[in-house]
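Reader: Could you walk me through this model slowly, please? I would like to begin with the strands and then see where the talk leads us.

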Amino acid sequence: MWRRFLTKKCMSTSRAVGWWDHVGPAPKDPITSVTEAFLADTSPHKINLGVGAYRDDEGKPVVLQCVRNAEAEIAGTDFLESVSTAVSSNLVEESVKLVYGKNTDVVREGRFAGVQALSGTGACRLFAEFQRRLYPESAMYLPDPTWSNHHNIWRDAQVSQNTFRYYRPESRGLHFSALMDDVKNAPDRSFFLFHPCAHNPTGVDPTEEQWKEISYKCKEKNHFPFFDMAYQGFASGDLDKDAKAIRIFLEDGHLVGCAQSFAKNMGLYGHRVGCLGVLCADSKQAIAVKSQLQQIVRAMYSSPPVHGILLVSTILNDQDLKALWQEEVKVMADRIIRMRATLRQSLEKLDSPLNWEHITNQVGMFCFSGLSPEQVDELAKEYHVYMTHDGRISMAGVTTSNVNYLAKAIHEITKSSREA
Ligand code: LMR
């Protein structure tokens, strides 16, 4: 009776023990928070140069025609349960062909362990988890700078991180000698993450000759090259050209890992379609590696959503749809290349005292402008132009109608600066 009274009293007057009192807000994500700030701005002039997702010349997200056609083809398909193993292995195989090109023999030889992944982030996360389980003492070497989420992914997988030098701020280009020194000086058998094309955030890619040297040095050091292929097609408009770096490594006999994403080049960001592939020495290893990856997937999210997978595999298995997709990738890449040229010209026409050659020298979705965090803040406050704090411009947000406004805004905040 007394106990019942006490319990009742407790329930009615006191709050439940505070489980989460010690939890503070997590730091804002440097990329997604740009969109939040942009959405909160009511100015008609506002421009979002934050997230790296394609927009057309009206600033609108695009559903590719190949995706529309594939959607019509799969309409009515029974996809309430997971897709069959055949569809899933086919997706992995077709994805791999996109990066491996004629080196796809390794798939036929059964040396390839591949699984579908939740876009590029999911593929990287799976690999990070796999790395921690199999090589718990090894760090991942990330380029400095790299996509901010790489740091989160390897941190959450509890893999230690090192960086290798990549970018030279003075030239706004590649710091090749420093990169080579860091590859050389890392302990033998280290894991290195490379962006095979359209480096995020710098837009700076090594040349073919430089990739050959990087591959040679990695081979000498027995490093494991892991490629995050998030923007295939966006550097040159050609899927094969953009896979050149990986193909150089394959020709040199490396066992490579690769994260692939269809978020950008098929405009399927919301569908989370991607693939993780690990090349092994023989089929016995590949079977074992694949089973380990499948075990990680099973515990993490069991299986990926199927609608996006059906879209991608429909496109990759139909010659006409695939050709249409390649044309559409080129249209997207060409628009970005045009916007780079126009932005640079507009700044030069304004007699900017600064050199803007890097806008057209850099490639892919991003331009690493060289603007300081203070200048980025000023652009947002005074001109309603939003980009990440490191000065990365997502060129997809630049359009024929906002490029002159953008150039003027950049000019206004930089005109009293001098080249370093
Ligand atoms: C980016 O870097 O903006 C894109 O990769 C989108 C993202 O998820 O961060």
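Reader: How do β3 and β4 run, and how many bridges join them?

Author: β3 and β4 run parallel and are joined by 5 bridges, where strands are DSSP runs of E with at least two residues, helices are runs of H or I with at least four residues, and both are numbered from the N terminus. Two strands count as a pair if DSSP finds at least two bridges between them. Please keep in mind that this is a predicted model, in which local features need pLDDT of at least 70 and side-chain atom pairs count only at pLDDT 80 or more, while totals for chains, interfaces and linings use all residues. Residues are numbered from 1 along each chain as its sequence is written, and side-chain values use heavy atoms, with hydrogens and water left out.

Reader: Okay, and which residue is the bridge partner of Leu142 in β4?

Author: The partner of Leu142 is Thr163. Between the two strands the chain passes through α7, and this β-α-β crossover is right-handed, a term used if, with the strands pointing away from the viewer, the path from the first strand over the helix to the second runs clockwise.

Reader: What is the strand order in the open sheet?

Author: The open sheet has 7 strands in the order β2-β10-β9-β8-β7-β3-β4, and the pairing is mixed. Because β2 (112-117) and β4 stand at the edges with a single partner strand each, one side of each is left without a neighbour in the sheet. On average, and with direction ignored, neighbouring strands of this sheet are turned by 20 degrees against each other.

Reader: So how does β2 run against β10, parallel or antiparallel?

Author: β2 and β10 (residues 274-279) run antiparallel, with 6 bridges joining them, and Ala117 stands opposite Gly274 in β10.

Reader: Switching to helices, at what angle do α6 and α7 pack?

Author: α6 (residues 119-134) and α7 pack at an angle of about 35 degrees, and their axes are 8 Å apart. Axes here are lines fitted to C-alpha atoms, for helices over the stretch in contact, and angles run from 0 to 180 degrees between N-to-C directions. The crossing of α6 past α7 is right-handed, meaning that the near helix is turned clockwise from the far one by less than a right angle, whereas anticlockwise would be left-handed.

Reader: And which residues make the contact?

Author: From α6 they include Phe127 and Ala128, and from α7 they include Ile153 and Trp154, with contact meaning heavy atoms within 4.5 Å.

Reader: Which strands does α6 lie across?

Author: α6 lies across β2, β3, β7, β8 (224-229), β9 (257-261) and β10, and runs at about 155 degrees to β9. Helix α8 (residues 176-185), for its part, lies across β4 and β7, at about 140 degrees to β4.

Reader: New topic: which residues does a cis peptide bond join?

Author: One cis peptide bond joins Asp144 and Pro145, with omega about 5 degrees, and Pro145 is found in the loop between β3 (140-144) and α7 (148-156). Another joins Asn200 and Pro201, with omega about 15 degrees, and Pro201 lies in the loop between β7 (191-194) and α9 (208-220).

Reader: Last one, what is the phi of Gln158, and is that residue buried or exposed?

Author: Gln158 has a positive phi of about 60 degrees although it is not a glycine, and its place is in the loop between α7 and β4 (161-165). Gln158 counts as exposed because its relative accessibility is 63%, where buried means under 20% relative accessible area, exposed over 50%, and partly exposed in between, using a 1.4 Å probe and protein chains only.
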